[in-house]
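Here are my comments on the structure, set out as numbered points. Please read them with the coordinates open.

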Amino acid sequence: MSKYPKINYIGNKNKLTDWIVDNFPFKEGTVLDLFCGGCSVSYALKEKGYRVYSNDALYSNFVLAKAIIENSNVILKTEDFDFDIPKKEILKKYKEISFLENRLYFPNEVEELAELVCKSEKLENYKKYLFLSLIRRSMIRKIPYSRMNVPWDQIVKLRDEDYSYAKYKRRRAYHNLPFIDHIYDNLDNYNDSVFNNNQDNKAFNKDAFEMINKLTEKVDIIYMDPPYPATMNKYGDFYGMYDSIFNKEINYINFSENNKFLENLEKLIVKCLPKTKYIVISENNKTKPSISEINNMLSKYGKVEIKEKKHQYKVTNKENKNETVEVLIILQVKENK
Ligand SMILES: C[S@@+](CC[C@H](N)C(=O)[O-])C[C@H]1O[C@@H](n2cnc3c(N)ncnc32)[C@H](O)[C@@H]1O
């Protein structure tokens, strides 16, 4: 039974992790999950006993990787965050994060969030990262469509419970609960996800290229699930406002920019070659570049194997059943003699 917590990450591989990991060329060793997102693949790898390095350009994903991948035994108790913050401090933080006002939340909610951010700054190590992960979870629960780029007038409309009920037969009252209620609701779920697999797992918050540059050892597998063009791929827009609250935005290569995806991917692959034995890439038959284009590019660098599995993605619009073929492209890197 998976203990992976409720994260709700756009483009996640939650339902595919067993299939992905079962097709890995090694049953043990070190795996770098270079675009870890909501950490679903990292978590499954940790469960199967690998040493896991999780990396993502977004701080909101880094805090998750710290809390549930790197952390092996620390849990967060209600008394850890049951203390008062001086009003002056809250107001200062409230000013700093006022860009969220009438953009993501109502003013009184931003003030509540400011207090929670102040609390997070007083916590240490993994307790801090668990609390930050719970702040993330509460922020996402309060926004319709669970992403931060919904226009404010839409948010206001969808958070009107009567409107929501009339239109969708669901009140979605959870959008209107205070942040702290969501934190309490999810606390056990997140604590239960913490476990020790007796490996030295690590979390990183770097651009993928930078991560490979800084990698000082050779790993067994680099797993890549990058943002493909023409998919829901605006991760900075979906979650970046979280990073802004904590002043943790970094610069990173936008893979999908100007049809440069394949070029960027090849540059990244070339950088990875001396640092790994295998590269495993997730793709599907609906995305571009096509599987054969990626296959052709990779074949220059070693032996390529392709695994396929039919998969039904859950989509909001029930009419639109989105059956895809999920693909794993596995490159065995040519050894340099
Ligand atoms: C498709 S999602 C990964 C989903 C993940 N496998 C999961 O199951 O949740 C792609 C991720 O790549 C990250 N990303 C985009 N550009 C990046 C870059 N240049 N360096 C590192 N990460 C990047 C995004 O923040 C996003 O989390």
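1. Helix α11 is followed by N247, a residue whose phi is positive, near 55 degrees. The model is a predicted one, and this backbone value should be read with that in mind. N247 is not a glycine, and it sits in the loop between α11 (235-245) and α12 (261-272). As a general matter, most residues other than glycine have a negative phi. N247 has 8 other C-beta atoms within 10 Å and is therefore exposed, since a residue with 12 or fewer such neighbours is put in that class.

2. The helix that precedes this residue has a number of covered positions: in α11, Y235, F238, Y239, M241, Y242, D243 and I245 are buried. The elements that cover these buried residues include α3, α5 (107-122) and α6. One of the buried positions of α11 is D243, which I would look at individually when going through the model.

3. A second positive phi belongs to N8, where the angle is about 60 degrees although the residue is not a glycine. N8 is placed in the segment before α1 (17-22). Its surroundings hold 14 C-beta neighbours inside 10 Å, so N8 counts as partly exposed, whereas N247 is exposed.

4. The backbone also calls for a comment at P289, because most peptide bonds are trans. The bond from K288 to P289 is cis, with omega near 0 degrees, and P289 is found in the loop between β5 and α13 (291-299).

5. Strand β5 itself (residues 276-284) has 7 of its 9 residues buried, and is therefore largely enclosed by the rest of the structure. Strand β4 (residues 219-224) pairs with β5 in the parallel sense, over 5 bridges. For checking the register, V219 has T276 in β5 as its bridge partner.

6. Another parallel pairing joins strand β1 (residues 30-33) to β2 through 4 bridges. Here the register can be followed from V31, whose bridge partner in β2 is V52. Strand β2 (residues 51-55) is mostly covered, with 4 of its 5 residues buried.

7. Turning to helix packing, the axes of helix α6 (residues 125-141) and helix α9 (residues 179-192) come within 9 Å and cross at roughly 125 degrees. The two helices, α6 and α9, are therefore oblique to each other, given that an angle between the 65 to 115 range, which counts as roughly perpendicular, and the roughly antiparallel class, over 145, falls among the oblique ones. Their crossing is right-handed. On the α6 side the contact involves L130, S133, L134, R137, S138 and R141, which meet F179, H182, I183, N186, L187 and Y190 in α9. By residue class, this contact of α6 with α9 divides into 6 nonpolar, 4 polar and 2 charged residues.

8. Helix α2 (residues 40-47) and helix α3 (residues 59-70) pack with their axes 10 Å apart and at an angle of about 15 degrees. That angle makes α2 roughly parallel to α3, the limit for this class being under 35 degrees. The crossing of α2 and α3 is right-handed, and the contact is made by S42, Y43 and K46 of α2 together with A65, I68 and I69 of α3. The residues of this contact of α2 with α3 comprise 4 nonpolar, 1 polar and 1 charged.

9. Which residues does I75 touch, not counting those up to four places away in sequence? The residues concerned are N191 and V194. I75 lies in the loop between α3 and α4 (87-96), and, with 16 C-beta neighbours inside 10 Å, it counts as partly exposed. I75 and Y190 are 115 residues apart in sequence, while their C-alpha atoms are 8.4 Å apart in space. Y190 is also one of the α9 residues that meet α6.

10. A last pair to inspect is D153 and R103, which are 50 residues apart along the chain and whose C-alpha atoms are separated by 8.8 Å. D153 lies in helix α7 (residues 152-158), and its 9 C-beta neighbours inside 10 Å mean that D153 counts as exposed.

Conventions: Residues are numbered from 1 along each chain as its sequence is written. This is a predicted model: local features need pLDDT of at least 70, side-chain atom pairs count only at pLDDT 80 or more; totals for chains, interfaces and linings use all residues. A residue is buried if 20 or more other C-beta atoms lie within 10 Å of its own, exposed if 12 or fewer, and partly exposed in between; C-beta atoms are placed from the backbone. Two strands pair if DSSP finds at least two bridges between them. Axes are lines fitted to C-alpha atoms, for helices over the stretch in contact, and angles run from 0 to 180 degrees between N-to-C directions. A crossing is left-handed if the near helix is turned anticlockwise from the far one by less than a right angle, and right-handed if clockwise. Two residues are in contact if their C-beta atoms, placed from the backbone, lie within 7 Å. Ala, Val, Leu, Ile, Met, Phe, Trp, Tyr, Cys and Pro count as nonpolar, Asp, Glu, Lys and Arg as charged, and the others, Gly among them, as polar.
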